[in-house]
Amino acid sequence: MPTAIHRALWDEVQSPLFWDDGRVVLLDQRRLPLEEVWLAYDDADGVAGAIREMVVRGAPAIGCAAAMGLAASARSALPDDVGRFRAGFSALCERMARARPTAVNLMWAVARQQRVAEAALASGGVAEARHLLEREALAITREDLEACRVMGRHGAELIPEGAGVLTHCNAGALATAGYGTALGVIRAAVAAGKRLRVFADETRPYLQGARLTAWELQRDGIDVTLICDNMAADLMRRGEIQCCVVGADRVTRNGDVANKIGTYGVAVLAHHHELPFYVAAPRSTIDLTLTSGEQIPIEERPADEVTHVGSVRIAPEHVKVRYPAFDVTPARLIRALVTEAGVALPPEVASIQALFA
Ligand code: MRU
């Protein structure tokens with residue numbers, strides 16, 4: 001069981017997670033915007049549960065949390081014997097990687113920790129592995145924050161002065177180590193002096209837009225207007241939106257993008273209204289092993305997130321429900337993919353490969 005910390009730390013840390021001397025402290029995003037509660041975990045299975053239950057969410061943030069969770073267990077729960085440490089660590093990694101299926105940052109961070117543990121066990125033993133796993137978790141987190149800031153600067157150039165910018169879900173500081181991917185682009189454009197009006201899709205059914213994006217941008221003093229998902233088309237037709245910026249959970253070699261359910265619909269609408277649709281994501285979200293979006297595993301979440309809003313039932317009992325939590329936007333609908341290594345414009349095999357050159 002995690003320990004709850006009822007303290008307003010957000011303004012100080014500007015991140016949904018931090019490492020506290022062997023504990024992983026996560027902002028409980030299920031309770032936002034009504035209350036700010038932090039939960040401290042001291043083992044990997046606890047953190048895997050927090051990822052599954054959406055205490056922490058957003059592709060880069062769950063990668064950082066997973067890396068920290070593995071470091072926490074290595075420090076306090078795994079035995080000193082090399083063979084037993086290796087077996088225990090490998091089982092933890094396997095369970096952690098399965099916590100959620102779509103965001104590849106999770107598997108990417110787990111694989112990175114697995115490599116660190118293997119190398120350390122081969123050279124310096126368990127003490128070395130514990131030390132290096134902690135160092136790597138902090139490096140993954142620091143690198144993500146830096147990637148968001150750089151990505152923000154690249155992406156800001158694409159956003160016109162005075163634009164209405166539509167975003168979907170929450171791809172902000174709350175979804176990363178801090179600053180955000182799509183919201184990082186918006187933050188950087190605002191910091192560069194552009195006056196923007198951000199429209200946040202509420203993002204049914206889990207309401208990341210209403211609960212998280214609205215909260216986060218409002219706290220930063222950025223002009224944000226909350227809309228229901230079904231209002232975007234009308235606002236585009238009225239000329240109130242000039243571009244769309246979203247994040248990603250997995251990008252394939254050809255530039256297809258999995259992101260929160262509803263993203264594909266926004267991209268289709270943008271295409272119809274001849275508006276640019278941008279995706280911002282770090283390279284840790286790009287999965288070069290998959291050739292197209294059809295191969296991305298899509299998470300199906302529990303039906304009660306659709307039949308209920310919070311704890312209030314809004315649909316009849318026993319009604320059949322479909323709930324794919326992500327959809328895939330084909331590369332041809334995406335004007336540019338913004339990363340920390342530059343902009344793939346348009347996103348396609350060659351421009352994406354060039355980001356790794
Ligand atoms: O189910 P969630 O809230 O984890 O989904 C998050 C998203 O779809 C985000 O847009 C994506 O992870 C990018 S976060 C920078």
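This tour moves through two helix packings and then to the ligand of a predicted model.

Begin by selecting helix α2, residues 44–52, together with helix α4, residues 82–97, whose axes lie 9 Å apart and meet at an angle of about 5 degrees. Since angles under 35 degrees count as roughly parallel, α2 is therefore roughly parallel to α4. To see the contact itself, show the side chains of A44, D45, V47, A48 and I51 on α2, which meet L92, R95 and M96 on α4. Coloured by class, this contact of α2 with α4 comprises 6 nonpolar and 2 charged residues, with no polar ones.

Keep α2 selected and add helix α3, residues 59–76; here the axes are 7 Å apart and the packing angle is about 160 degrees, so α2 and α3 are roughly antiparallel to each other. On the α2 side the contact is made by A44, V47 and I51, while α3 contributes I62, A65, A66, G69, L70 and S73. The residues of this contact of α2 with α3 divide into 7 nonpolar and 2 polar, and none is charged.

Now centre the view on the ligand and select the 18 residues around it, of which A59, R100, D249, N259 and K260 come nearest. Three distances can be drawn from ligand oxygen atoms: a polar side-chain atom of D249 lies 2.8 Å from one such atom, a polar side-chain atom of N259 lies 2.6 Å from an oxygen atom of the ligand, and an N or O atom in the side chain of K260 is 2.7 Å from a ligand oxygen. Finally, switch on a surface: taken alone the ligand exposes 420 Å², and the protein buries 99% of that area.

Terms used
Residues numbered from 1 in each chain as written. Predicted model: local features only at pLDDT ≥ 70, side-chain atom pairs only at ≥ 80, totals over all residues. Heavy atoms only, no water. Axes fitted to C-alpha atoms, helices over the stretch in contact; angles between N-to-C directions. Helix = DSSP H or I, 4+ residues; strand = E, 2+ residues; numbered from the N terminus. Parallel < 35°, antiparallel > 145°, perpendicular 65-115°, else oblique. Contact = heavy atoms within 4.5 Å. Nonpolar A, V, L, I, M, F, W, Y, C, P; charged D, E, K, R; others polar. Near = heavy atom within 4 Å. Polar contact = N/O pair within 3.5 Å; in protein donor to acceptor, adjacent residues only side chain to side chain. Areas by Shrake-Rupley, 256 points an atom, 1.4 Å probe, with all protein chains shown as cover.
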